[in-house]
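Subject: The structure for you to look at

Hi there,

Here is the structure I promised to pass on to you. Please open it alongside this email, and I will walk you through what turned up.

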Amino acid sequence: MPPAPPPDQRCWLLKSEPNVFGYPDLVRVGCEPWNGVRNYQARNFLREMRAGDLCLFYHSNAQRSGKGQTGVAGVARVVREAYPDNLQFDPASAYHDPKSTPDSPRWSMVDVAPAFAFPAVLPLDTLRTLPEWQDSPLTRKGTRLSVLPVTEAQFRAALAAAGVDLHASHV
DNA sequence: GCCAACGTTGGC
DNA sequence: GCCAACGTTGGC
């Protein structure tokens, strides 16, 4: 028997507006199809996700909606790998894509479930102060990807800054 | 293929 | 509400 391959778990960041769907909503529903992504680069990242991958759950635009601070609210886990986004075929949806067909769906989604919440939202301002996050698209002005890869160092730094003990979290 | 107009994102 | 910085669209 060959040795088991090393786990190639990757880390990601998912943006969501908390007034639309926040981390508490994810906890409430238990599992959520991450649909509505309509950017090719973000879609490609969705397709790279593997079951078990961990995602920082980022609350964007939180101030506007009075839903707390903008920043990372917790960690989600990928529980189902990319499959066709249901909304692209729904004419009533704002995410309907008339150019997409069931034969060759253009857009994908994954299912995510809550892993653990941060004790408090880790503010974007704090994230910006972390050396690991200096070069991230998230902290650079004008980059608006809603799905983006995060390095393991960035992931660990975020958890540390949030006061999360990685070992105690059963990640 | 170029590029101006337009729409969207998202911090502030 | 403002607006910078993108991505997309569509005329040519």
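**Salt bridges and their surroundings**

Glutamate 48 is partly exposed, with a relative accessible area of 33%. Before going further, please keep in mind that this is a predicted model.

The partner of glutamate 48 is arginine 10: their side chains meet in a salt bridge, at 2.7 Å from N to O. This pair links distant parts of the chain, 38 residues apart, with glutamate 48 in helix H3 (residues 40-48) and arginine 10 in the segment before strand E1 (11-16). Arginine 10 also counts as partly exposed, at 35% relative accessibility.

How many salt bridges are there? The count comes to 6, and two others are worth a look here.

One of them joins the side chains of glutamate 81 and arginine 50, at 3.8 Å from N to O. Here too the pair links distant parts of the chain: glutamate 81 sits in strand E4 (residues 71-84), while arginine 50 is in the loop between H3 and strand E3 (54-59), and their positions lie 31 residues apart in the numbering. Glutamate 81 is partly exposed because its relative accessible area, 33%, falls between the 20% and 50% cut-offs. Arginine 50 is partly exposed as well, with a value of 36%.

The other is a pair within one helix. The side chains of glutamate 152 and arginine 156 meet in a salt bridge, at 3.0 Å from N to O. Both residues lie in helix H6 (residues 152-161), 4 residues apart, which is about one turn of the helix. Arginine 156 counts as partly exposed, at 45% relative accessibility.

**Aspartate 97 and threonine 129**

Is aspartate 97 buried or exposed? Aspartate 97 is buried, since its relative accessible area is 8% and buried means under 20%. You will find aspartate 97 in the loop between E4 and strand E5 (108-123). Its side chain makes a polar contact of 2.8 Å with the side chain of tryptophan 107. Leaving aside residues up to four places away in sequence, aspartate 97 touches Gln88, Arg106 and Trp107.

Threonine 129 lies in helix H5 (residues 124-129). Threonine 129 is exposed, because its relative accessible area of 56% is over the 50% cut-off. A polar atom of the threonine 129 side chain lies 2.5 Å from the backbone oxygen of threonine 126. If you look along the chain to threonine 139, 10 residues from threonine 129, the C-alpha atoms of the two are separated by 9.7 Å.

**The DNA strands**

Now to the part you may want to zoom in on. DNA strand B is surrounded by Lys15, Tyr58, Ser60, Asn61, Arg64, Thr70, Leu124, Arg128, Arg144 and Leu145. By class, these residues divide into 3 nonpolar, 3 polar and 4 charged. Of the atoms of DNA strand B within 4 Å of the protein, 63% belong to sugar or phosphate, and the rest to bases.

Which residues come close to a phosphate oxygen of DNA strand B? Among them are lysine 15, with an N or O atom of its side chain at 2.7 Å, and asparagine 61, with a polar backbone atom at 2.9 Å. On the base side, a polar side-chain atom of arginine 144 lies 2.5 Å from a base oxygen of DNA strand B.

DNA strand C is surrounded by Asn39, Tyr40, Arg64, Lys141, Gly142 and Arg144. Sugar and phosphate make up 61% of the atoms of DNA strand C that come within 4 Å of the protein. The surface near DNA strand C has 1 nonpolar, 2 polar and 3 charged residues.

For DNA strand C, the backbone of the protein takes part in two of the pairs. A polar backbone atom of lysine 141 is 3.4 Å from a phosphate oxygen, and a backbone N or O atom of glycine 142 lies 3.4 Å from a sugar or linking oxygen. Arginine 144 appears here again: an N or O atom in its side chain is 2.5 Å from a base oxygen of DNA strand C.

Arginine 144 could be a good place to start browsing, as its side chain has an N or O atom 2.5 Å from a base oxygen of DNA strand B and one 2.5 Å from a base oxygen of DNA strand C.

Enjoy looking around, and best wishes!

Definitions and conventions. Residues numbered from 1 in each chain as written. Chains lettered and ligands numbered in written order. Predicted model: local features only at pLDDT ≥ 70, side-chain atom pairs only at ≥ 80, totals over all residues. Heavy atoms only, no water. Salt bridge = Lys/Arg side-chain N within 4 Å of Asp/Glu carboxyl O. Helix = DSSP H or I, 4+ residues; strand = E, 2+ residues; numbered from the N terminus. Buried < 20%, exposed > 50% of the residue type's maximum accessible area, 1.4 Å probe, protein only. Polar contact = N/O pair within 3.5 Å; in protein donor to acceptor, adjacent residues only side chain to side chain. Contact = heavy atoms within 4.5 Å. Near = heavy atom within 4 Å. Nonpolar A, V, L, I, M, F, W, Y, C, P; charged D, E, K, R; others polar.
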